[in-house]
Amino acid sequence: MTLAPAAAIAEATPAPAQGAKSAAAEKKAAPVDCSQVKCLALTFDDGPGKYAGTLLDTLKKYDAKATFFLEGQYVKSRPQFVKRMVAEGHELGNHSYSHPDFTKSDAATIRNEIKKTQDAVKKAAGVEPKLLRPPYGLADIQVSDIAIEFGMPMILWTAGSADWSSKNVKAIQKQTLAVAKPNGIILMHDWVKQTVDGMPALIKTLKNKGYHLVTVSDVIKDQNLEPGDIFPVPAGWER
């Protein structure tokens, strides 16, 4: 096999215009400032589900970011999706290994559920989640204390899409649009086929309404959350 000289390769490959190159770099580097524009975080629980690849295709096509709160058991069985999520700029969160109610679990079980998922994600994609979403959105002081041990704030949602209940494309779209608000965090599921099927039209509508679809960390940036904090704070929550 003969390798072409470096000079010949350079000649054959035209250099991009300087302006185009710097503009592309600027676009990639510029973070979204959610204090200045309308941001919305779409979050997908319980995955990666079997439709995650299709969802990732849609997000990529429309240049939208999302946050995936993953279950370790599915990270283990579908690691290729997890690796792709990271490669394409999405955020990963920990949603336990097998989805038990943490408020009815002992401390050892909670620690094991979180740790096994951290390890599974690290093995699949080389990163560790920095956010915890307790199963069913249920937490108490014990869960908060263990979240502190792992250095993770707990993230709930401002509203849900009710996709797991309706399993209807139009209903999911209508509900999501009804509850969308600046700096909102929407609960969805990538194992619900109708959610994934309706995502292209939903994303286009949200963008037409001026929303930037970003990660949870973009939305909560100004909240200064500490490990063990919970956001949004549920009614009756006391630390």
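The accessible surface of the protein amounts to about 12400 Å², and carbon and sulfur atoms contribute 53% of this area. The model is a predicted one. Of the 239 residues in the protein, 44% are buried. The secondary structure comprises 11 helices and eight strands. Among the contacts with a separation of 6 or more, 77% are accounted for by residues 24 or more positions apart.

Helix 3, which spans residues 52-61, has as its buried residues Ala-52, Gly-53, Leu-55, Leu-56, Thr-58 and Leu-59. These buried residues pack against strand 1 (39-47), strand 2 (67-70), helix 5 and helix 10. For the last of these partners, helix 10 (residues 193-208), the packing angle with helix 3 is about 10° and the axes are 9 Å apart. The two elements, helix 3 and helix 10, are therefore roughly parallel to each other, since angles under 35 degrees fall in that class. On the side of helix 3 the contact is formed by Thr-54, Leu-55, Thr-58 and Leu-59, and on the side of helix 10 by Val-196, Met-199, Pro-200 and Ile-203. Classified by residue type, this contact of helix 3 with helix 10 contains six nonpolar and two polar residues, and no charged residues. Leu-55, Thr-58 and Leu-59 thus belong both to the contact with helix 10 and to the buried residues of helix 3.

The loop between helix 3 and strand 2 contains Tyr-62 and Asp-63. Tyr-62 has 18% relative accessibility and so counts as buried. When residues up to four places away in sequence are not counted, Tyr-62 touches Pro-200, Ile-203, Lys-204 and Lys-207. Two of these residues, Pro-200 and Ile-203, also take part in the contact of helix 10 with helix 3. The C-alpha atoms of Tyr-62 and Leu-213 are 9.7 Å apart in space, with their positions 151 residues apart in sequence. Asp-63, by contrast, is partly exposed because its relative accessibility is 49%. Located just after helix 3, Asp-63 adopts a positive phi of about 50°, although this residue is not a glycine.

Contacts to the region of helix 3 are also made by Glu-88, which is situated in the loop between helix 5 (79-87) and strand 3 (91-94). With a relative accessibility of 17%, Glu-88 counts as buried, because the limit for this class is 20%. Neighbours within four places in sequence left aside, Glu-88 is in contact with Leu-56, Lys-60 and Lys-65. Of these partners, Leu-56 is one of the buried residues of helix 3.

A positive phi is also found at Ala-162, where the value is about 55° although the residue is not a glycine. Ala-162 is placed in the loop between strand 5 (159-160) and helix 8 (163-166). Its relative accessibility is 34%, so Ala-162 counts as partly exposed. Ala-162 and Ile-172 are separated by 10 residues in sequence and by 6.7 Å from C-alpha to C-alpha.

Cys-34 and Cys-39 form a disulfide, with their sulfur atoms 2.2 Å apart; the count for the protein is one disulfide. The torsion about the S-S bond of Cys-34 and Cys-39 is about -85°, so the disulfide is left-handed. Both Cys-34 and Cys-39 are buried.

Cis peptide bonds are present at two proline positions, described in turn. Gly-47 and Pro-48 are joined by a cis peptide bond with omega of about 0°, and Pro-48 lies in the loop between strand 1 and helix 3. Phe-231 and Pro-232 are likewise joined by a cis peptide bond, with omega of about -15°. Pro-232 is located in the segment after strand 8 (230-231).

Phe-231 is also one of the contact partners of Ile-155. Ile-155 is part of strand 4 (residues 154-155), and its relative accessibility of 0% means that Ile-155 counts as buried. Apart from neighbours within four places in sequence, Ile-155 is in contact with Phe-69, Leu-131, Leu-132, Arg-133, Ile-185, Val-216, Ile-220, Leu-225 and Phe-231. The C-alpha atoms of Ile-155 and Gly-228 are separated by 9.9 Å, the two residues being 73 residues apart along the chain.

Technical notes
Residues are numbered from 1 along each chain as its sequence is written. This is a predicted model: local features need pLDDT of at least 70, side-chain atom pairs count only at pLDDT 80 or more; totals for chains, interfaces and linings use all residues. Side-chain values use heavy atoms; hydrogens and water are left out. A disulfide is a pair of cysteine sulfur atoms within 2.5 Å. Buried means under 20% relative accessible area, exposed over 50%, partly exposed in between (1.4 Å probe, protein chains only). Axes are lines fitted to C-alpha atoms, for helices over the stretch in contact, and angles run from 0 to 180 degrees between N-to-C directions. Helices (H or I, at least four residues) and strands (E, at least two) are DSSP runs, numbered from the N terminus. Angles under 35 degrees count as roughly parallel, over 145 as roughly antiparallel, 65 to 115 as roughly perpendicular and the rest as oblique. Contact means heavy atoms within 4.5 Å. Ala, Val, Leu, Ile, Met, Phe, Trp, Tyr, Cys and Pro count as nonpolar, Asp, Glu, Lys and Arg as charged, and the others, Gly among them, as polar. Accessible areas come from the Shrake-Rupley method with a 1.4 Å probe; for residues, only the protein chains shown count as cover.
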